[in-house]
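Subject: Structure handover

Hello,

Here is the structure for you to look at. My notes on what turned up follow underneath.

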Amino acid sequence: ARNDMSHKTKVTFLAKSKTALQISTIMLYLIALSFNLSLLIIIGDISLIAATLITLYTGYEYANNIFTK
């Protein structure tokens with residue numbers, strides 16, 4: 001919000017979806033570990049990889065918006 005740049009760092013729907021995916025993945029891991037369900041751990045791993053890729057993409061979007069004029 002500094003230097004009148006708040007419009008460049010608006011939160012996108014993809015970023016909000018990423019946060020929801022991260023929280024869901026944590027819950028999935030907790031359930032899988034509590035009930036010893038190996039399949040849910042694998043699904044959690046896949047979800048975590050997807051969240052990581054989305055994090056990298058949204059980080060790139062934010063950086064690109066800030067550094068381009």
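**Before helix 1**

K10 sits in the segment before helix 1. K10 is exposed, because its relative accessible area is 55% and the cut-off for exposed is over 50%. Its C-alpha lies 9.8 Å from that of N65, although 55 residues separate K10 and N65 in sequence. Please keep in mind that this is a predicted model.

**Overall picture**

The protein chain has 2 helices and 0 strands. It runs to 69 residues, and 14% of them count as buried. About 5500 Å² of the chain is exposed, with 69% of that area supplied by carbon and sulfur atoms. Take the contacts between residues at least 6 apart in sequence: 65% of them join residues at least 24 apart.

**Helix 1**

Helix 1 covers residues 13-35. It has 23 residues. From first C-alpha to last it reaches 33 Å, close to the 33 Å expected at 1.5 Å a residue.

Which residues of helix 1 are buried? They are A15, K18, T25, L28 and A32. Note that a lysine, K18, is on that list. These buried residues pack against helix 2.

Helix 1 also contributes to a nonpolar surface patch. I23, I26, M27 and L30 form the patch. Together they have about 400 Å² of accessible area. M27 belongs to helix 1. Its relative accessibility is 44%, so M27 counts as partly exposed. The spacing in the patch fits a general rule. An α-helix has 3.6 residues a turn, so residues three or four places apart point the same way.

**The loop**

N36 lies in the loop between helix 1 and helix 2. It comes just after helix 1. Check its backbone: phi is near 55°, a positive value in a residue other than glycine. Is N36 buried or exposed? N36 counts as exposed, because its relative accessibility is 66%.

**Helix 2**

Helix 2 covers residues 38-67. Its 30 residues should span 44 Å at 1.5 Å a residue, and the end C-alpha atoms are 44 Å apart, which agrees.

The buried residues here are G44, S47, A51 and T58. Helix 1 is included in what covers them.

Two of these deserve a separate look. The first is S47, in helix 2. S47 counts as buried because its relative accessibility is 16%, and buried means under 20%. What does S47 touch, leaving aside neighbours within four places in sequence? It is in contact with L21 and T25. T25 is itself one of the buried residues of helix 1.

The second is T58, also placed in helix 2. Its relative accessibility is 4%, so T58 counts as buried. Again leaving aside neighbours within four places in sequence, T58 is in contact with L14, A15 and K18. Among those partners, A15 and K18 are buried residues of helix 1.

G59 is in helix 2 as well. G59 counts as partly exposed because its relative accessibility is 34%. Between G59 and A15 there are 9.1 Å in space, C-alpha to C-alpha. In sequence the two are 44 residues apart.

**Where to look**

Here is a short list for your viewer:

- S47 with L21 and T25, a contact set of helix 2 residue S47.
- T58 with L14, A15 and K18, the contact set of T58.
- G59 and A15, 9.1 Å apart C-alpha to C-alpha.
- K10 and N65, 9.8 Å apart C-alpha to C-alpha.
- I23, I26, M27 and L30, the nonpolar patch on the surface.
- N36, with its positive phi of about 55°.

Best wishes

Note on methods
Residues are numbered from 1 along each chain as its sequence is written. This is a predicted model: local features need pLDDT of at least 70, side-chain atom pairs count only at pLDDT 80 or more; totals for chains, interfaces and linings use all residues. Side-chain values use heavy atoms; hydrogens and water are left out. Patches are made of residues with over 30% relative accessible area and no salt bridge: like charges are joined within 9 Å, nonpolar side chains (Val, Leu, Ile, Met, Phe, Trp, Tyr) within 5 Å. Accessible areas come from the Shrake-Rupley method with a 1.4 Å probe; for residues, only the protein chains shown count as cover. A salt bridge is a side-chain nitrogen of Lys or Arg within 4 Å of a carboxyl oxygen of Asp or Glu. Helices (H or I, at least four residues) and strands (E, at least two) are DSSP runs, numbered from the N terminus. Buried means under 20% relative accessible area, exposed over 50%, partly exposed in between (1.4 Å probe, protein chains only). Contact means heavy atoms within 4.5 Å. The expected span of a helix is 1.5 Å times one less than its number of residues.
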